[in-house]
Amino acid sequence: LVEEQLPHMLELLDPLLMVTDPVAYAPGVGRRPVLQMNVVGDEIFGDRSAVALFDAFPGPKTQVWFGGVHSEWEDGDLQYARIFDFVSTQLQGQV
């Protein structure tokens with residue numbers, strides 16, 4: 001977002017962004033499974049940012065794209081079912 005909307009501020013903000021950028025911390029998750037849910041064209045987290053974060057996770061990982069807006073998902077029941085299935089599967093693997 002800064003790169004696209006405030007390019008003149010990038011040099012000043014870069015050190016601050018590196019400290020708070022989730023991409024810098026994603027590798028710390030290690031090889032734990034990750035489910036990343038993304039709204040296509042999200043007004044809060046752009047598609048490029050979502051892909052950069054997903055790419056930063058070592059894996060195994062799954063990325064799901066769906067319609068809606070950041071706070072209101074299309075087919076919300078389906079998206080929540082995906083989340084619950086993912087968590088359930090992970091918990092079963094822990095037992």
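Is Asp75 buried, partly exposed or exposed? In this predicted model, Asp75 is exposed, because its relative accessible area is 56%, and the cut-off for that class is over 50%. The residue is placed in the loop between β4 (72–73) and α5. Its backbone is also of note: the phi angle of Asp75 is near 50 degrees, which is a positive value in a residue other than glycine.

The chain as a whole is described next. It has 95 residues, of which 18% are buried. Its secondary structure consists of 5 helices and 4 strands, and from the N terminus the order of these elements is α-α-α-β-α-β-β-β-α. Among contacts in the chain with a separation of 6 or more, 61% are between residues 24 or more positions apart. The surface exposed by the chain comes to about 7,000 Å², and 60% of that area is supplied by carbon and sulfur atoms.

Strand β1 covers residues 34–39. Of its 6 residues, 5 are buried, so the strand is largely enclosed by the rest of the structure. Strand β1 pairs with β2 in the parallel sense, and the pairing extends over 6 bridges. Between these two strands the chain passes through helix α4 (residues 47–56), and the resulting β-α-β crossover is right-handed. Individual positions show how the two strands are matched. Leu35 has Thr62 in β2 as its bridge partner, and Gln36 stands opposite Gln63, also a residue of β2.

The loop between α4 and β2 contains Pro60. The peptide bond that joins Gly59 to Pro60 is cis, with omega at about 0 degrees. Strand β2 itself spans residues 61–66, and Trp65 is one of its residues. With a relative accessible area of 31%, Trp65 is partly exposed, because that class lies between the limits of 20% and 50%. Together with Val40 and Val51, Trp65 makes a nonpolar surface patch of about 230 Å².

Which residues does Met37 of strand β1 contact, leaving aside its neighbours within four places in sequence? The contacts of Met37 are Val64, Phe66, Gln79, Arg82 and Ile83. With Gln79, the separation along the sequence is 42 residues, while the C-alpha atoms of Met37 and Gln79 are 8.2 Å apart in space.

Gln79 belongs to helix α5, which runs over residues 76–94. Its relative accessible area is 2%, so Gln79 is buried, the limit for that class being under 20%. Not counting residues up to four places away in sequence, Gln79 touches Met37, Val64, Phe66, Trp73 and Glu74. Val64 and Phe66 are thus listed for Gln79 and also for Met37.

Glu74, one of the residues touched by Gln79, is found in the loop between β4 and α5. That loop also holds Asp75, the residue considered at the start. Apart from neighbours within four places in sequence, the contacts of Glu74 are with Phe66, Gly67, Gly68 and Gln79. Glu74 and Val39 are separated by 35 residues in sequence, and the distance between their C-alpha atoms is 9.0 Å.

Towards the N terminus, helix α3 takes in residues 22–25, with Val23 among them. Where relative accessibility is concerned, Val23 has a value of 28% and therefore counts as partly exposed. When neighbours within four places in sequence are set aside, Val23 is in contact with Ala52, Leu53 and Ala56. Helix α4 spans residues 47–56, and the contacts of Val23 accordingly join α3 to this crossover helix. A further distance concerns Ser49: its C-alpha atom is 8.9 Å from that of Val23, although the two residues are 26 apart along the chain.

Key
Residues numbered from 1 in each chain as written. Predicted model: local features only at pLDDT ≥ 70, side-chain atom pairs only at ≥ 80, totals over all residues. Heavy atoms only, no water. Buried < 20%, exposed > 50% of the residue type's maximum accessible area, 1.4 Å probe, protein only. Contact = heavy atoms within 4.5 Å. Areas by Shrake-Rupley, 256 points an atom, 1.4 Å probe, with all protein chains shown as cover. Patch = residues over 30% accessible without salt bridge, like charges linked within 9 Å, V, L, I, M, F, W, Y side chains within 5 Å. Salt bridge = Lys/Arg side-chain N within 4 Å of Asp/Glu carboxyl O. Pairing = 2+ DSSP bridges. Right-handed = clockwise from strand over helix to strand, strands pointing away.
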